[in-house]
Amino acid sequence: METTGQNYLTGTFDTLSVLEVSRVSPLACWFSSMLFCFGGGVLSAIMLAEPAVAPLSNSTSVLLASITWYLVFYCPMDLVYCCAALLPLRLVLSGMKEVTRTWKVLGGVTQAHSKYKDSLMVMIAIGWAKGAGGGLISNFEQLVRGVWKPETNELLKMSYPTKITLIGAVLFAVQQTRYLPLQKHHLMLIYTIFTVVNKSRMMLTGSSASPFAGIESAIYKTLFTGHSPYAAFTSEEKIACIKNGATNGTTSTATTGGNRVAGKNTLVSPVNGQSGLLKAKEESENAETTNCKKNK
């Protein structure tokens, strides 16, 4: 059974935009909320060539999600949201969400294993999509609300839930293929305890730092930041540009000050500084055209 109200109360919605959409178009707000709740099932179904509407076939889950959606957005005096914003209740809801995440990831890995027994990558991908589908399709969910922010793509900058779900998918997939000598229920217990405790720690301390930041930094510096032969040239070029900009700024300031002293209020236009570049570009193009004609 999919997570419903927990996603609203502990998720990462664009609050201002969602509130505006809930007043302008309740249908669009409801549809984006259902995508956020059932995004993992929808995305994994598409990847497995199954009906994308299959996760919505559970009428009880859809009804519960719809009731929670209505109470969160339209309850008088925002009583439901204010109660859910209390720290003790937020901790309980976050713990429930992390437990559900474990079942989602394991369900996705098991579903992929039943069809592709020897494909480790497929099991990881389906488990990841099943557990973090709401975040992975967040751009489409935003598009339903009339918001387009491609820079918020989870693949460009992963959030903590997406990272922890990917790690869980890798662990369960390795365990499913017998490469990890650990019982399934033991792994579920360890993974769930870690996610719940770490999420509670982040909420209590108000810290959004990932516990894997040190490991990520070490791996990135070791494997993905090799020495570039253009690094020195690029640095020198940047320094030269900065110096030229500073020199031009100083010259312009001095010229402007001199003109004001002389009783003239004329300012130096930046267009004059660009005219030389434009002329040089035109001359080079003319030269290339002439050479081409001679070769013909």
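Which residues form a nonpolar patch on the surface? This tour of a predicted model arrives at that patch after a view of the whole chain.

**Whole chain.** Display the protein chain in cartoon form. Its secondary structure comprises 13 helices and zero strands, so the order of elements from the N terminus on reads α-α-α-α-α-α-α-α-α-α-α-α-α. Of its 296 residues, 33% count as buried.

**Helices 3 and 4.** Select residues 26–47, which make up helix 3, together with residues 59–74, which make up helix 4. Two packed helices are described by the angle between their axes and the distance between the axes. Here the axes come within 10 Å and cross at roughly 125°, which means that helix 3 is oblique to helix 4. The crossing in which helix 3 passes helix 4 is right-handed.

**K97.** Proceed to helix 6, residues 87–115, and pick out K97 within this helix. K97 counts as buried because its relative accessibility is 16%, under the cut-off of 20%. Now add V196 to the selection: K97 and V196 are 99 residues apart along the chain, and their C-alpha atoms are separated by 8.7 Å.

**The surface patch.** Finally, select I215, I219, Y220, L223 and F224, and switch on the surface. These residues form the nonpolar patch in question, and together they have about 570 Å² of accessible area. One of them, I215, is found in helix 11, which spans residues 213–223. I215 is exposed because its relative accessible area is 53%, over the cut-off of 50%. K97, by contrast, counts as buried.

Definitions and conventions:
Residues numbered from 1 in each chain as written. Predicted model: local features only at pLDDT ≥ 70, side-chain atom pairs only at ≥ 80, totals over all residues. Heavy atoms only, no water. Patch = residues over 30% accessible without salt bridge, like charges linked within 9 Å, V, L, I, M, F, W, Y side chains within 5 Å. Areas by Shrake-Rupley, 256 points an atom, 1.4 Å probe, with all protein chains shown as cover. Salt bridge = Lys/Arg side-chain N within 4 Å of Asp/Glu carboxyl O. Helix = DSSP H or I, 4+ residues; strand = E, 2+ residues; numbered from the N terminus. Buried < 20%, exposed > 50% of the residue type's maximum accessible area, 1.4 Å probe, protein only. Axes fitted to C-alpha atoms, helices over the stretch in contact; angles between N-to-C directions. Parallel < 35°, antiparallel > 145°, perpendicular 65-115°, else oblique. Left-handed = near helix turned anticlockwise from the far one by under 90°.
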